[in-house]
Amino acid sequence: MKTDVQIAQEAKMKNIKEIAEGLGIDSEDLIQYGHYKAKIEPVVYERLKDKPDGKLILVTAINPTPAGEGKTTVNIGLSMGLNKIGKKAISALREPSLGPAFGVKGGAAGGGYAQVVPMEDINLHFTGDFHAITSANNLIAALLDNHIHQGNEQKIDVRRIVWKRVVDMNDRALRNIVVGLGGVSNGYPRQDGFDITVASEIMAILCLSTSLDDFRERVSRVVIAYRRDKSPVFLKDIGGEGAVTLLMKDAILPNLVQTLENTPAMLHGGPFANIAHGCNSILATKYSLKLADYVVTEAGFGADLGAEKFFDIKCRYGNLNPSAAVIVATIRALKHHGGAKKEEYGVENLDYLKKGFANLEKHIENIAKFGVPAVVAINKFPTDTDAEVKLLKELCEAKGVKCILTEVFAKGGEGAVELAHEVVRVCEEEKSNFKPLYELDLSIEEKIEKIAKEVYGAGSVHFTKAAKTAIKQITDNGMANVPVCMAKTQYSLSDDQTLLGRPEGFELTIREVRISNGAGFVVAITGDIMTMPGLPKVPAANNMDIKPDGEIVGLF
């Protein structure tokens with residue numbers, strides 16, 4: 001089979017004005033970036049804001065293997081499948097980060113015949129949103145260090161600076177650095193570090209803002225440091241929220257592109273799915289709901305991370321009401337959760353599959369906790385056998401959930417027609433009674449324990465001394481009545497990535513707690529969560545190039 005980039009380069013793309021026209025958007029309401037990319041002006045939403053919303057479909061997944069289970073690919077394939085059966089659908093996705101693209105994970109534009117295009121642009125600089133976020137984040141860092149250098153009017157404790165610089169690249173050498181060396185004129189020497197851009201709070205704020213004014217208000221209250229009396233210092237205390245907002249004036253507008261089959265796609269924002277909430281922007285989702293009858297969106301990693309945060313953080317702030325959820329699973333990943341070794345993934349084994357089904361079973365139960373009806377989508381691999389597919393369907397239907405085989409990687413939208421019909425049926429016949437898992441007035445500890453016990457299956461939660469101290473400080477500063485964003489491994493329901501399947505009764509350890517006051521959530525960290533990844537021994541970048549005729553090679 002051809003590579004993803006070869007398939008993408010053969011795509012017969014329509015001019016973005018034609019894609020917009022199909023959605024009822026006038027060309028003068030677009031900011032075009034060439035022939036195939038555009039940003040949508042706010043006037044479009046203002047014109048449609050009183051129109052009823054379309055159906056919102058969340059695509060989530062089981063706990064993945066390191067290679068991923070094709071959640072984005074199924075998202076794109078489903079949107080194309082919905083259009084094939086006569087529905088007006090939009091795929092709403094996150095933008096890819098350059099770091100994973102040049103590292104090991106690859107891009108985030110789908111795969112095979114279920115991709116968004118122009119794939120090369122989307123996986124590289126796209127419309128510059130991440131560059132704007134990087135600049136906005138680093139402007140705050142520069143203003144902070146300058147404030148200290150110029151007299152430190154806010155009496156900032158230089159040992160308690162919490163705002164880091166960012167770069168959209170995997171660069172482990174920047175995790176821990178020292179800044180301000182070289183004498184008095186260069187500022188105060190202090191320990192610092194970089195995060196990757198997608199881990200920046202500016203990214204989370206962008207994705208949770210409902211307007212540019214809302215962005216300004218949110219960014220003004222980000223906590224950048226603490227004083228010696230442990231009181232927080234906000235960006236508004238040193239100024240700069242106006243300039244930061246100015247840098248984001250274009251980046252906050254949703255991006256319109258298309259799939260290989262010319263289905264409209266909104267790509268906007270891309271926060272980390274562990275340290276942040278892992279969903280595309282509220283603005284792109286809201287625009288899409290006014291422009292289409294069905295909006296297919298996604299949330300990062302498995303449903304224990306992505307779906308929980310989508311429901312408890314994004315839907316809460318965006319006043320969104322999801323109609324259905326699609327849980328993506330692969331037979332190889334279920335066998336992995338059942339104890340199969342990597343070399344056994346492609347060998348038929350019904351015992352491994354039956355045992356590993358426990359992981360999917362827990363995710364089905366979790367989606368039901370939020371009152372949202374679910375469908376299971378099997379992302380088909382060539383090694384899947386008829387007996388394995390039959391068994392998985394029987395196991396799902398015993399749980400009261402339909403299980404549909406999809407072949408979107410190989411067949412595009414045609415491979416998702418059956419799934420599209422089932423999603424429409426669920427939306428029309430099974431009423432969603434969506435509700436968040438917890439109320440915001442619970443204590444931080446109570447919210448964490450509710451997620452840990454009800455979603456993960458933990459028996460107890462251990463808070464380290466550092467976590468308890470941070471929770472007390474956040475609570476004393478009046479910042480505790482916000483959702484919790486859990487940061488943990490994506491490979492297990494627990495905080496131990498080696499505990500596969502459906503672990504139960506384990507103790508979840510909260511190592512650290514941070515406040516993302518501008519984004520509007522508390523981050524509870526379990527284990528070692530990396531906010532600045534490193535490159536592998538042989539980075540994907542080593543195989544990338546551009547030929548004299550402009551052909552790109554090696555980009556997946």
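## Strand pairing around β23 and β24

Two strands are taken to pair if DSSP finds at least two bridges between them. In this predicted model, β23 and β24 pair in the antiparallel sense over five bridges. Among the opposed positions, V513 faces A524 of β24, and S516 has F521, also in β24, as its bridge partner. The hairpin that β23 and β24 make has four residues between the strands, and within this hairpin G520 adopts a positive phi near 95°.

The hairpin belongs to an open sheet of three strands, ordered β21-β24-β23, whose pairing is mixed. The edges of this sheet are taken by β21 (484–487) and β23, and because each has a single partner strand, one side of each is left without a neighbour in the sheet. Direction ignored, neighbouring strands here are turned by 25° against each other on average.

## The sheet of β7, β12 and β13

Another open sheet is formed by three strands in the order β7-β12-β13, and its pairing is antiparallel. At its edges stand β7 (156–161) and β13 (232–234), each of which has a single partner strand, so that one side of each is left without a neighbour in the sheet. From one strand to the next, the twist averages 50°.

Within this sheet, strand β12 (residues 223–227) is joined to β13 over three bridges in the antiparallel sense, and Y226 is placed opposite P232 of β13.

## The second largest pocket

Strands from both sheets reappear around the second largest pocket, where β7, β12, β23 and β24 are among the elements that each supply at least two residues of the lining. The other elements that do so are β10 (190–192), β11 (194–196), α8 (201–208) and α20 (465–476). The space in this pocket comes to about 1,400 Å³.

The lining consists of 45 residues, of which I161, V162, K164, E512 and R514 are the closest to the centre of the pocket. Sorted by class, the lining of the second largest pocket contains 23 nonpolar, nine polar and 13 charged residues.

## The enclosed cavity

With a threshold of 30 Å³ or more, the structure holds one cavity, and the volume of the largest cavity is about 80 Å³. Its lining is made by E95, P96, S97, L98, I122, L124, H125, F126, D129, F130, H131 and D168.

Helix α7 (residues 129–149) gives the most to the lining of the largest cavity, contributing three residues. By class, the lining of this cavity has six nonpolar, three polar and three charged residues.

## Helix packing

Helix α4 (residues 71–84) packs against helix α18 (residues 417–429) at an angle of about 80°, and the axes of the two helices lie 8 Å apart. Angles of 65 to 115 degrees count as roughly perpendicular, and α4 and α18 are therefore roughly perpendicular to each other. On the α4 side the contact is made by V74, L78, G81, L82 and K84, while α18 contributes V417, L419, A420, V423 and V424. By class, this contact between α4 and α18 has eight nonpolar, one polar and one charged residues.

A further helix pair is formed by α15 (residues 350–369) and α19 (residues 444–456), which pack at an angle of about 130° with their axes 9 Å apart. The two helices α15 and α19 are therefore oblique to each other. Their contact involves K362, N366 and K369 of α15 together with E454, V455 and Y456 of α19. By class, the contact of α15 with α19 has two nonpolar, one polar and three charged residues.

## Backbone details in two loops

Two loop positions deserve separate mention for their backbone geometry. The peptide bond that leads from V117 to P118 is cis, with omega near 5°, and P118 lies in the loop between β6 (114–117) and α6 (119–123).

The other position is K155, which has a positive phi of about 55° although this residue is not a glycine. K155 is located in the loop between α7 and β7; of these two elements, helix α7 gives the most to the lining of the largest cavity, whereas strand β7 supplies at least two residues of the lining of the second largest pocket.

Notes:
Residues are numbered from 1 along each chain as its sequence is written. This is a predicted model: local features need pLDDT of at least 70, side-chain atom pairs count only at pLDDT 80 or more; totals for chains, interfaces and linings use all residues. Side-chain values use heavy atoms; hydrogens and water are left out. Axes are lines fitted to C-alpha atoms, for helices over the stretch in contact, and angles run from 0 to 180 degrees between N-to-C directions. Angles under 35 degrees count as roughly parallel, over 145 as roughly antiparallel, 65 to 115 as roughly perpendicular and the rest as oblique. Contact means heavy atoms within 4.5 Å. Ala, Val, Leu, Ile, Met, Phe, Trp, Tyr, Cys and Pro count as nonpolar, Asp, Glu, Lys and Arg as charged, and the others, Gly among them, as polar. On a 1 Å grid over the protein atoms alone, a cavity is a set of points where a 1.4 Å probe fits but cannot get out, and a pocket is an open set with protein on both sides within 12 Å along at least five of seven lines; lining residues have an atom within 4 Å of a point. Grid points are joined across faces, edges and corners, and a volume is the space filled by probe spheres set on the points.
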